[in-house]
Amino acid sequence: SPQPLPEPANDLLFTLHGDERGPWAVGGYHQGVVWRLNAPSWIPVQLDRVPPLNGVTVRASEVIAVGQQGSILTIQRDPMGHPLSYQLKRVAELETITLHAITQFRGELWSVGGDLNEMTDGVIVSDHQDEPIVEVW
């Protein structure tokens, strides 16, 4: 049967992704939240002033999440999968855009999103060749 997360898990969770070291879940309504499984328990990752998050992908040494205000959160992790530090960036052209999902393809990160208020301005963002690509429709 489903088991609730321990307190203070009072925000929505939107997506999860993981690897052999376990899954990570992201979400939040007023502020971004990140949880990771440290079997058998889910542990919250302490964040300060991070916008709500919608998508997450896991790499060998980092976890990358995306969300509101064009935010991209990178969490560095140790070889056991424990978080070490994090960095929050915002894509300058996307301050009014919400990034919904993120994935990896051939070592590059790709994210999609749009303006949820107007239901317009679909975007694709990538770190292709170390130069961010922002396409707006």
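**Close-ups of a predicted model**

Ile-75 stands opposite Tyr-86 in E8. This and the other views below come from a predicted model.

**View 1. Strands E7 and E8 make a hairpin.** Zoom in on the pair that holds Ile-75 and Tyr-86. Strand E7 covers residues 71-77, and seven bridges tie it to E8 in the antiparallel sense. Five residues sit between the two strands, and in that turn Gly-81 has a positive phi of about 100°.

**View 2. Here's the open sheet of four strands, in the order E5-E6-E7-E8.** The pairing is antiparallel. E5 (53-58) and E8 (83-90) are the edge strands; each has a single partner, so one side of each is left without a neighbour in the sheet. From one strand to the next, the twist averages 20°. Over at the E5 end, five bridges join E5 to E6 (residues 62-67). Look there for Val-56, which stands opposite Ala-65 in E6.

**View 3. Asp-19, Arg-21 and Arg-77 are linked in a network of salt bridges.** Asp-19 pairs with Arg-21, with their closest N and O atoms 3.4 Å apart. Asp-19 also meets Arg-77, this time at 2.3 Å, N to O. That second pair links distant parts of the chain, since Asp-19 belongs to strand E1 (residues 13-19) and Arg-77 to strand E7, 58 residues apart. How buried or exposed are the partners? Arg-77 is buried, with a relative accessible area of 5%. Asp-19 counts as partly exposed at 23% relative accessibility, and Arg-21 also counts as partly exposed, at 24%.

**View 4. Asp-48 and Arg-49 form another of the salt bridges.** The structure holds four of them. In this one the closest N and O atoms are 3.6 Å apart. Arg-49 counts as exposed, at 66% relative accessibility, while Asp-48 counts as partly exposed, at 47%.

**View 5. Arg-36 is buried yet has no salt bridge.** You'll find Arg-36 in strand E3 (residues 33-38). Which side chain of opposite charge is nearest to Arg-36? That would be Asp-78, and it is 7.5 Å away. Leaving aside neighbours within four places in sequence, the residues in contact with Arg-36 include Trp-24, Trp-42, His-82 and the turn residue Gly-81.

**View 6. Ser-126 is tucked into strand E11 (residues 120-126).** Ser-126 is buried, with a relative accessible area of 3%. A polar atom of the Ser-126 side chain lies 3.2 Å from the backbone oxygen of Leu-109. Val-112 is 14 residues away along the chain, and its C-alpha atom is separated from that of Ser-126 by 9.0 Å.

Definitions and conventions. Residues numbered from 1 in each chain as written. Predicted model: local features only at pLDDT ≥ 70, side-chain atom pairs only at ≥ 80, totals over all residues. Heavy atoms only, no water. Pairing = 2+ DSSP bridges. Axes fitted to C-alpha atoms, helices over the stretch in contact; angles between N-to-C directions. Buried < 20%, exposed > 50% of the residue type's maximum accessible area, 1.4 Å probe, protein only. Polar contact = N/O pair within 3.5 Å; in protein donor to acceptor, adjacent residues only side chain to side chain. Lys, Arg positive; Asp, Glu negative; His and termini not counted. Salt bridge = Lys/Arg side-chain N within 4 Å of Asp/Glu carboxyl O. Contact = heavy atoms within 4.5 Å.
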